[in-house]
Amino acid sequence: MTDLKQKRVLIIEDERDLALLMKRHLEDSGFSIQTESRGDDGLRAAEASSFDLILLDLMLPGMDGLEVCRRLRSQNVQTPILMVTARTTEVEKVLGLEMGADDYIAKPFGIAELTARVKAILRRMENLAASSAADGAAIQVGTSVHIDPATRQVLVRGMAVNLTPKEYELLLHLARNPGRVYTRSQLLDAVWGYSHDGYEHAVNCHINRLRAKLEQDHAHPEILLTVWGVGYKLADATGT
């Protein structure tokens, strides 16, 4: 498995002191860091080079973080995005997730918490890749969804769909546990690596995004099902 200390992280943050603080502490942990202070510059950096994680502030000059995130996802850039925001209302958090961010952390935050979250995201990506390589059996969900863990390709009714890293991880987790009902808290713990109160919007948003990509009618889902009063489950899946 690749050493996390070889990972590259792009920080797009306009608060100079905070950007330097994050850069210094992440470099102390062995990461390679590039910083940009404008959204448009950060977008160009993310397009021009390969990163393992993007720390993306919501409020930026030049182009706000939501638009940066939207454009990267529209170009099928699959790099995990951790949204950094000073906004406290749920609306802004949800908007970031709906634009394709994998997770968010709200200011003010402790540097130790940030470093732990960065490491957790990167380790989960490493573990997912190792798991997919070790157990590469394809999974068929009903008659319409085909998942190939070896290539991370997902076909819906024969057409390839682009999923963000967290969307893919959520789908794969549910598909590997067919018929099992998960609460939001359990999905947070299993897919995001924590189950803190206040972060269940991350689950809701990713469920909605997955339904928009998987279902013929996401208002009446037949693949990703709601078990009212409990949580979610995937329609029966079988290895192929």
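**A charge over a ring, two cores and a run of strands**

In this predicted model, R8 sits over the face of F51, 4.3 Å from the centre of the ring. That is a charge resting on an aromatic ring; as for rings pairing with one another, a search through the whole structure turns up 0 aromatic pairs.

Next, the parallel strands. Strand β4 covers residues 81–85, and 5 of its 5 residues are buried, so the rest of the structure largely encloses this strand. Its side chains split between two directions: I81, M83 and T85 point one way, L82 and V84 point the other way, and all are buried. On one pairing, β4 runs parallel to strand β3 (residues 53–57), with 4 bridges joining the two. Within that pairing, D57 has V84 of β4 as its bridge partner. To get from β3 to β4, the chain passes through helix α3 (residues 65–74), making a right-handed β-α-β crossover. Strand β4 also pairs with strand β5 (residues 103–106), again in the parallel sense and again over 4 bridges. Here L82 is found opposite D103 of β5.

Further along the chain come the antiparallel strands. Strand β7 (residues 145–148) pairs with β8 in the antiparallel sense through 4 bridges, and in this pairing I147 is matched with V154 of β8. The two strands make a hairpin with 4 residues between them, and in the turn R152 has a positive phi of about 60 degrees. Strand β8 (residues 153–156) shows two faces: V154 and V156 make up the covered one, while Q153 and L155 make up the uncovered one. Strand β9 (residues 159–161) then pairs with β8, also antiparallel, over 3 bridges. V154 turns up here too, standing opposite V161 of β9. The hairpin of β8 and β9 has 2 residues between its strands, and R157 adopts a positive phi near 50 degrees in it.

What about the nonpolar interior? In soluble globular proteins, nonpolar side chains tend to be buried together. The largest nonpolar core in this model has 52 residues, and the members touching the most others are L56, V141 and I147. For I147, setting aside neighbours within four places in sequence, the contacts are A138, I139, V141, Q153, V154, Y168, L171, L172 and A175. V154, the bridge partner of I147 in β8, is thus one of these contacts as well. There is also a second, separate core, made of 18 residues, with V9, F31, F109 and L114 among them.

Conventions: Residues are numbered from 1 along each chain as its sequence is written. This is a predicted model: local features need pLDDT of at least 70, side-chain atom pairs count only at pLDDT 80 or more; totals for chains, interfaces and linings use all residues. Side-chain values use heavy atoms; hydrogens and water are left out. Rings of Phe, Tyr and Trp (its six-membered ring) pair if their centres lie within 6.5 Å; planes under 30 degrees apart count as stacked, over 60 as edge-to-face and the rest as tilted. A charge sits over a ring if NZ of Lys or CZ of Arg is within 6 Å of the ring centre and within 35 degrees of the ring normal. A nonpolar core is a set of buried Ala, Val, Leu, Ile, Met, Phe, Trp, Tyr and Cys residues joined through side-chain atoms within 4.5 Å. Buried means under 20% relative accessible area, exposed over 50%, partly exposed in between (1.4 Å probe, protein chains only). Contact means heavy atoms within 4.5 Å. Two strands pair if DSSP finds at least two bridges between them. A crossover is right-handed if, with the strands pointing away from the viewer, the path from the first strand over the helix to the second runs clockwise.
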